[in-house]
Amino acid sequence: MSRVVLRSACRSAVLATAVPLSVLALAGCSGSNDSGSSATSSSGGSLKGQTITVYSGQHEQTVSALVKDFQARTGIRANVRSGDEAELANQILTEGPASPADVFFAENPPALTTLENKGLLAKADAAGLAAVPSADSSAQGDWVGVSAREAAFVYDTSKVKAAQVPVGVKDLAGPAWKGKLGIAPSETDFTPIVTRMIRTAGEAGAKSWLEGLKANSKVYGSNEDLVAAVNRGEVEGGVIDHYYWYRLRDELGATHVHSALGYFKQGDPGALVDVSGAAVLSHGKHRAAAQAFLAYLTSKPAQQIIATSESYEYPLAAGVKNTKVSRALTASGPVTRAADLGDGKDALELLQSVGLL
């Protein structure tokens, strides 16, 4: 069977060489409006016919569906430049005020936090911020949370029983997983877990943990490769975001899936519920139209597209649920605050220091 391309544009945490590590840590509708059809500026002028440029590190198929619906509802066109979120953030920094980007749509908070710390994000309008829980967006109001995903442990059901799934991500560095584990450390989804381990165990403890992971693991270049390797029995388990398993199930068919998902206990560094977010660039030339796009992303029509798409992410707006995922978002505990993940610089430096990047 040919491989179905249902992947995120976000691939690697490795930094673009144009920007040194010390500079960058990473390699109209209202909240209650169900129509998502407003297309007027704050001064009352029509935004119809304007074109915004969106730099997107999010899932391409879902973003395409969102953009198509947004354009139909508002008459505002959106040109999407998809790529690795870290590389796109680097590009925005390099381009400076000349950047054509009006919106940055990232898969993880650290990329947004980096640009936020550099003063490159405009305040998000209240319409977008009000539609999702305040804890799921920037504490400074510079970007809005759009969707969420949960870190999970995928395991080979022929070799690992559900009761043997580790309850803590730290356990994976122990001798029980020697030669049995797979990891994808260059994925930007992995960096927040390292950040949480640093906060929990300190830098020395996190480094020791990463060294244990490295000794125990086969390294893969992507979460798609890792989840497929577990399913075919190449390794017994690995840490991924939950949606990679669901997309593999769709690709292969349920009868060809020989793996399952387990979850770390609440409060563990591996029990990560992370958000994707979007921001308006402060230097953007179409700020009002870009704000309309942010407000649309948190509107119920957009959130329903997310809930029913093949990205298998969790929508954040009240009253919209993803029934395609067997585990409810509320079972996962609270979404991890962006402030707890920072800009990811410390995690990336640690990954580099142990030779995992």
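Me: Which residues are linked in a network of salt bridges here?
Reply: Arg149, Asp189, Asp241 and Glu313 are the ones linked that way. Keep in mind that this is a predicted model.

Me: What makes the contact between Asp189 and Arg149 a salt bridge?
Reply: The rule asks for a side-chain nitrogen of Lys or Arg within 4 Å of a carboxyl oxygen of Asp or Glu. Asp189 and Arg149 come to 3.7 Å, N to O, so the pair passes the 4 Å cut-off. The two residues belong to distant parts of the chain, 40 residues apart. Asp189 is in the loop between strand 5 (181-183) and helix 5 (191-216), while Arg149 is in strand 4.

Me: And why does the pair Asp241 and Arg149 count as a salt bridge?
Reply: Same test again: the N to O distance is 3.9 Å, and the limit is 4 Å, so this pair gets in too. Asp241 lies in strand 7 and Arg149 in strand 4, so this salt bridge ties together parts that are 92 residues apart in sequence.

Me: How many salt bridges does the rule give in total?
Reply: The count comes to twelve.

Me: How do you know whether Arg149 and Asp241 are buried or exposed?
Reply: Look at relative accessibility, where under 20% means buried. Arg149 has 0%, so Arg149 is buried. Asp241 has 3%, so Asp241 is buried as well. Asp189, the other partner of Arg149 we talked about, is also buried.

Me: What about Arg249 and Asp250: what are they called, and why?
Reply: They form a salt bridge too, with the closest N and O atoms 3.8 Å apart. Arg249 has a relative accessible area of 25% and Asp250 has 35%. Partly exposed is what falls between 20% and 50%, so both values land in that class.

Me: How do you know that strand 4 is mostly covered?
Reply: Strand 4 covers residues 144-156, and 13 of its 13 residues are buried.

Me: What makes strand 4 and strand 10 a pair?
Reply: At least two bridges are needed for two strands to pair. Strand 4 and strand 10 (residues 314-315) have two, so they qualify, and they run in the antiparallel sense. Within this pairing, Ser147 has Pro315 as its bridge partner.

Me: Which strands, besides strand 10, run antiparallel to strand 4, and with how many bridges?
Reply: Strand 9 (residues 273-280) is joined to strand 4 by six bridges, and Ala148 has Val275 there as its bridge partner. Strand 7 (residues 237-241) has five bridges to strand 4, with Ala152 standing opposite Ile240. Strand 8 (residues 259-262) has four, and there Val154 is bridged to Leu261. The bar is at least two bridges, so each of these clears it.

Me: Why is Gln58 called buried?
Reply: Its relative accessible area is 2%, and anything under 20% counts as buried, so Gln58 fits. Gln58 is found in the loop between strand 1 (51-56) and helix 1 (60-74).

Me: And what makes the link between Gln58 and His59 a polar contact?
Reply: Their side chains are joined at 3.0 Å. The cut-off is 3.5 Å, and residues adjacent in sequence count only if both atoms are side-chain atoms; this pair meets both conditions, so it is included.

Me: Which residues touch the most other members of the largest nonpolar core?
Reply: Ile52, Phe104 and Phe293 do, out of 70 residues in that core. Helix 8 (residues 287-297) gives the most to it, with seven residues. Leaving out residues up to four places away in sequence, Phe293 touches Ile52, Val54, Val67, Phe70 and Val103. Apart from this core lies another, of 31 residues, including Trp177 and Leu348. In general, nonpolar side chains tend to be buried together in soluble globular proteins.

Me: How do you know where the buried residues of helix 11 sit around its axis?
Reply: In helix 11 (residues 345-353) they are Ala347, Leu348, Leu350 and Leu351. They cover an arc of only 160° around the axis, so they are on the same side of helix 11. These buried residues pack against helix 5. After helix 11 comes Gly355, with a positive phi near 80°.

Conventions:
Residues numbered from 1 in each chain as written. Heavy atoms only, no water. Buried < 20%, exposed > 50% of the residue type's maximum accessible area, 1.4 Å probe, protein only. Polar contact = N/O pair within 3.5 Å; in protein donor to acceptor, adjacent residues only side chain to side chain. Core = buried A, V, L, I, M, F, W, Y, C linked by side-chain atoms within 4.5 Å. Contact = heavy atoms within 4.5 Å. Arc of directions from axis to C-beta.
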